Amino acid sequence: MNLASASMSGSPGSSSTGTRPMKTQPQVLVVEDEAALTTLLQYNLEKEGYRVTTTADGEEAMMIVDEQQPDLVLLDWMLPSVTGIELARRLKRDETTNEIPIIMLTAKSEEDNKIQGLDAGADDYITKPFSTRELISRINAVLRRVPGHQHKAILVPGLALGPDRHPITADER
């Protein structure tokens, strides 16, 4: 399944206006200069319960990271001002941002590109076109490795949605 035809169903999170408390909603910074792709990523990530901030500019991304300290950066390689590779290097050199996971999301698919991205500090590398379901799974997997970012149950009066297998209980049954 490619990105353009992907649809999400059975999402474990809630929408950006949902019931999950803000503090348990991981924040993803999407750094992507293709507006249509940014919109699609934002829609699908928010549908999964993530808070999403977007920018098309590497310099602006650095300012956002400094101000908001996102839980994960989803980063395109080819950006207009600063490349994704340079941005990844800067984030990993800075003591205040070097623990933020980075997933490169790029059309650069050669083995040398992947190695360069991972060596620059990316925690994962995904090539375009890609499956939205796989991207969400990879984001979840990367965040599971970060202490304190494990998904917790979503609680609504009388209901609980579990983080792993999504068991739902009603009135504690």
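## What surrounds helix H1

The buried residues of helix H1 have plenty of company: what covers them includes strand S1 (27-31), strand S2 (51-55), strand S3 (72-75), strand S4 (102-106) and helix H5 (132-144). Please keep in mind as you explore that this is a predicted model.

Which residues of H1 are the buried ones? They are Leu-37, Thr-38, Leu-41, Asn-44, Leu-45 and Glu-46. The helix itself covers residues 35-47, 13 residues in all, and spans 18 Å from its first C-alpha to its last, close to the 18 Å expected at 1.5 Å a residue. After H1 comes Gly-49, which has a positive phi, near 100°.

## The protein as a whole

Let us step back for a moment. The secondary structure of the protein adds up to 5 helices and 8 strands. Following the sequence, you will meet them in the pattern β-α-β-α-β-α-β-α-β-α-β-β-β.

The protein has 173 residues, and 45% of them are buried. If you take the contacts between residues at least 6 apart in sequence, 61% of these join residues at least 24 apart.

## H1 against H5

Two packed helices are described by the angle between their axes and the distance between the axes. For H1 and H5, the axes come within 11 Å and cross at roughly 60°. Because of that angle, H1 counts as oblique to H5. The crossing in which H1 passes H5 is right-handed.

On the H1 side, the contact is made by Leu-41, Asn-44 and Leu-45, and on the H5 side by Thr-132, Leu-135, Ile-136 and Ile-139. Sorted by class, the residues of this contact are 5 nonpolar, 2 polar and no charged. Leu-41, Asn-44 and Leu-45 also appear among the buried residues of H1. Some helix geometry is handy here: an α-helix has 3.6 residues a turn, so residues three or four places apart point the same way.

## H2 against H3

A second pair to look at is helix H2 (residues 58-68) with helix H3 (residues 84-93), whose axes are 10 Å apart and pack at an angle of about 25°. Angles under 35 degrees count as roughly parallel, so H2 is roughly parallel to H3. The crossing of these two helices is right-handed.

Where do H2 and H3 meet? H2 brings Gly-58, Glu-59, Ala-61, Met-62 and Val-65, while H3 brings Leu-87, Arg-90 and Leu-91. This contact includes 5 nonpolar residues, 1 polar residue and 2 charged ones.

## Two loops worth a visit

The loop between H2 and S3 holds Gln-69. Although Gln-69 is not a glycine, its phi is positive, at about 45°. Is Gln-69 buried, partly exposed or exposed? Its relative accessibility is 36%, so Gln-69 counts as partly exposed.

In the loop between strand S5 (124-127) and H5 you will find Pro-129. A cis peptide bond links Pro-129 to Lys-128, with omega about -5°.

## A stop at Asn-113

Our last stop is Asn-113, which sits in helix H4 (residues 111-119). Its relative accessibility is 15%. Buried means under 20%, so Asn-113 counts as buried.

What does Asn-113 touch, leaving aside its neighbours within four places in sequence? Asn-113 is in contact with Trp-77, Lys-108 and Tyr-125.

Definitions and conventions: Residues numbered from 1 in each chain as written. Predicted model: local features only at pLDDT ≥ 70, side-chain atom pairs only at ≥ 80, totals over all residues. Heavy atoms only, no water. Helix = DSSP H or I, 4+ residues; strand = E, 2+ residues; numbered from the N terminus. Buried < 20%, exposed > 50% of the residue type's maximum accessible area, 1.4 Å probe, protein only. Contact = heavy atoms within 4.5 Å. Expected span 1.5 Å × (residues − 1). Axes fitted to C-alpha atoms, helices over the stretch in contact; angles between N-to-C directions. Parallel < 35°, antiparallel > 145°, perpendicular 65-115°, else oblique. Left-handed = near helix turned anticlockwise from the far one by under 90°. Nonpolar A, V, L, I, M, F, W, Y, C, P; charged D, E, K, R; others polar.
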